Structure formats: C-alpha cells, structure tokens
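Open the structure in your viewer and keep the sequence panel beside it. The stops below say what to select next and what is there.

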Amino acid sequence: MSIEVRGLSKSYNSFKAVHEVNAKLETGSLTALLGPSGSGKSTLLRMIAGLEIPDSGEIHLTGREATYASAKERNVGFVFQHYALFKHMTVFENIAFGLRVRKQSEREIQDRVYELLSLIQLKGYEKRYPAQLSGGQRQRVAVARALAPRPEVLLLDEPFGALDAKVREELREWILKLHEETNVTTLFVTHDQQEAMEVASRILIMNHGEIEQDGTPIEIFDKPATHFIAQFVGETNYIDTEVTEKGLAVWGPFRFPVSPALAVKQKIRIYFRPNDVYMTAQFETLQVRAKIAKTRFKGTVIEYKLDIGEDKTISAQIPKGVALASGFKEGSEVYAAITAFHVFPI
C-alpha cells in the first residue's frame with residue numbers, strides 16, 4: 001500500500017505542529033521520519049494512522065482518500081515507543097488480540113500467532129507475560145501484535161527509543177530482516193540519525209512542522225539541502241565568512257571555490273565534516289599548516305582539534321589505524337586540507 005499526504009496541517013491552539021506537508025511513500029518501502037523533538041514527526045504519523053484528525057490536507061492510502069476514515073478502516077498497524085502491551089495477557093494473547101476483535105476462528109488465530117512467533121524469534125515464549133520479557137522482546141511482541149491482522153501499512157513511533165544502545169542495534173538488524181520477509185510498507189519515526197541511516201532506504205527530515213529534505217541516506221548526508229540539515233545530520237564543522245572575490249571565499253589560510261552567482265561581500269556559512277579534513281604529517285599539495293591542540297578517542301576514529309592560526313580551529317576525524325600509524329599527538333605540527341564542503345548564504 002502506498003502512502004501519500006497532500007498539504008497536511010495540524011495545529012494545537014497557536015502552535016503549528018505540522019504545516020502543509022507533502023510526501024509520497026511507495027508500496028513496500030521502508031522510510032524513516034527523522035527530526036528533533038517537537039518537529040512534528042509523531043503528529044504526522046498519528047494523522048496517517050487515524051489517531052489524529054488533520055486541520056487541512058488529504059491522506060491517500062493506495063490511491064484511496066482516507067483523511068477522515070477511522071483507524072480500523074485504514075488497515076494500518078501502529079507500534080508505540082513504550083510497547084503498550086496488555087500486562088495481564090500472555091504473549092500469545094497479546095498477539096492474538098486484534099484477531100479476536102475481528103472475530104477470526106480459533107484455528108486462524110492459532111496459525112497466525114505461531115507464524116508470527118516464529119517470525120519474531122520468540123517461539124516457546126507464548127505463555128510468558130510482558131513482565132517476564134526483556135525490553136527488546138517486548139518490542140518484538142508489540143510489532144507482532146501490529147502485524148497480526150495483516151496490515152498494509154506498518155507505522156512505528158520511536159520504536160527503539162526506550163531501549164539501551166546494544167538492544168537498539170540488534171533490533172535495527174531485526175527490523176530490516178522483518179521488512180525483507182513481510183514487504184509491508186513501513187514508516188518509522190526516530191530522532192536517532194544513525195538508526196535512520198542504517199535502517200531506512202529513504203529519509204524524510206522534519207523541522208518546525210515541515211519536511212526540509214526527502215532523499216536517500218547518502219543524499220541526505222552528502223548533499224544537505226538547508227542550514228538545518230547540514231548541522232543536524234552527522235557531525236560537522238561550520239565557519240562564517242564572506243565571498244572575497246567572484247567565485248572565491250577565504251577563511252584563515254583556507255581558500256574555498258564558491259558559486260560565481262554569489263555576490264562579493266555576501267555573508268556565507270561553510271559546512272564541512274570532520275572526516276572531510278585530510279590530515280598528514282608531511283606537506284602535500286594545497287594543504288595548510290596546523291597544530292594539534294587536542295585529541296579525543298571516539299572508537300573507530302580519533303578526533304583532532306586543529307589550531308590553524310588567527311584563533312581559528314577545526315575538527316578532523318581520522319581512522320584509528322591511520323592516526324596511530326601516522327603518530328599524530330597533541331602539540332604535533334601537521335598539514336590539512338578540506339576535501340568537501342557545502343556553502344549556504346546567511
């Protein structure tokens with residue numbers, strides 16, 4: 001089932017939670033709705049689910065308008081952040097709940113529940129209660145309960161937000177495998193960039209109730225469309241300067257080619273990621289001299305704060321093996337170049 005929203009808006013008193021949002025998700029897609037707290041992600045998801053009524057705009061499911069259809073009529077599965085399992089019911093009965101509401105036969109219920117228990121890798125847990133499960137297991141049961149009535153759309157609101165980092169990582173892998181097996185159109189809300197990048201094939205980024213960019217994880221990371229996305233997604237350096245001459249901006253010892261369409265003296269902000277800073281112990285073409293002011297171990301990379309003179313610093317991230325082999329230490333003199341950057345007028 002495809003999902004399409006057209007000009008969707010929702011306000012609470014004077015606060016615009018969602019403002020004229022347009023988006024289309026193809027059948028079978030796995031999409032992340034990413035943004036900071038308060039950006040409108042959950043409100044948009046709840047409107048698609050039928051749990052909130054929009055002030056204006058339209059919702060279409062497989063080409064059929066469903067703006068004011070009830071949640072039951074939409075055939076949508078919804079998973080909340082905090083599981084919302086029935087504490088007094090076993091795993092079996094939790095998964096079977098929606099099927100019993102639809103008055104399916106006991107044989108159909110048995111077959112579907114055991115099919116899902118196998119899918120979520122919890123066969124043998126059917127007689128346990130939610131309190132006897134780990135957080136990750138409870139979330140898998142919540143997903144199985146949402147999938148039991150065979151929904152055409154699966155909506156997940158911060159599904160891993162209440163779990164610790166290791167469990168979240170395991171569930172990311174699990175949700176990918178689950179999607180491959182079920183191929184149900186899935187939209188999940190998250191504020192975790194890494195989660196969105198790893199799981200989704202497409203990301204919608206929301207800010208202040210609007211979608212600021214819609215693209216693949218690589219497009220979002222490498223080609224940010226706005227100031228907000230350049231700062232929000234991944235780690236970044238940014239510097240403020242101005243166009244020095246036609247097609248050129250200068251900041252400290254660095255020279256940045258910029259669009260000839262930018263006027264001389266135009267104020268600009270230049271963004272570049274720490275991993276786009278190329279650093280060596282020996283001078284190479286187009287590098288500038290720098291001094292390592294501080295080091296910070298970050299697991300697979302080591303981050304260096306580089307003093308480039310004129311009270312200016314930038315951050316560089318170097319793979320741990322390369323950094324150790326190069327002998328980079330605090331106080332060392334090194335050479336650096338910026339290999340990729342993005343320019344926005346300010």
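A residue is called buried with under 20% relative accessible area, exposed with over 50%, and partly exposed in between, using a 1.4 Å probe and protein chains only. This is a predicted model, in which local features need pLDDT of at least 70 and side-chain atom pairs count only at pLDDT 80 or more, while totals for chains, interfaces and linings use all residues. Residues are numbered from 1 along each chain as its sequence is written, and side-chain values use heavy atoms, with hydrogens and water left out.

**The whole protein**

Start with the full C-alpha trace, which spans about 75 × 45 × 30 Å along its principal axes. Colour it by secondary structure to find ten helices and 20 strands; these are DSSP runs numbered from the N terminus, helices being H or I with at least four residues and strands E with at least two. Of the 346 residues, 49% are buried. A contact means heavy atoms within 4.5 Å. Among contacts with a separation of 6 or more, 64% join residues 24 or more positions apart.

**Helix α3**

Select residues 91-101, helix α3, where V91, F92, N94, I95, A96, G98 and L99 are buried. Now add α4 (106-119) and α5 (135-147), which are among the elements covering those buried residues. Just after α3, look at K103, which has a positive phi, near 55°.

Stay on the helix and show the side chains of R100 and E93. Which kind of link does R100 form with E93? The two form a salt bridge, with the closest N and O atoms 2.9 Å apart; the term requires a side-chain nitrogen of Lys or Arg within 4 Å of a carboxyl oxygen of Asp or Glu. R100 counts as partly exposed because its relative accessibility is 32%, and E93 is partly exposed as well, at 27%.

**More salt bridges**

The whole structure holds 22 salt bridges. Select R289 and E333 next: their side chains meet at 3.4 Å, N to O. R289 belongs to strand β16 (residues 288-297) and E333 to strand β19 (residues 333-338), so this pair ties together parts that are 44 residues apart in sequence. R289 is exposed at 52% relative accessibility, whereas E333 is partly exposed at 46%.

Then show K312 and E310, whose side chains meet in a salt bridge of 3.7 Å, N to O. E310 is exposed, with 58% relative accessibility. For a network, select R168, R172, D192, E195 and E198, which are joined by salt bridges that share partners.

**Two buried residues**

Go to T186 in strand β8 (residues 185-190). Is T186 buried or exposed? T186 counts as buried because its relative accessibility is 3%. Leaving aside neighbours within four places in sequence, T186 is in contact with S29, L30, T31, L154, L156 and H179.

The second is I220, in helix α8 (residues 217-222). I220 is buried, at 0% relative accessibility. Beyond its neighbours within four places in sequence, the contacts of I220 include M197, I203, I205, Q213 and D214. Measure from its C-alpha atom to that of R202, 18 residues apart along the chain, and the separation is 9.2 Å.

**Last stop**

Finish at helix α6 (residues 165-182), which contains E170. E170 is partly exposed, with a relative accessibility of 48%.
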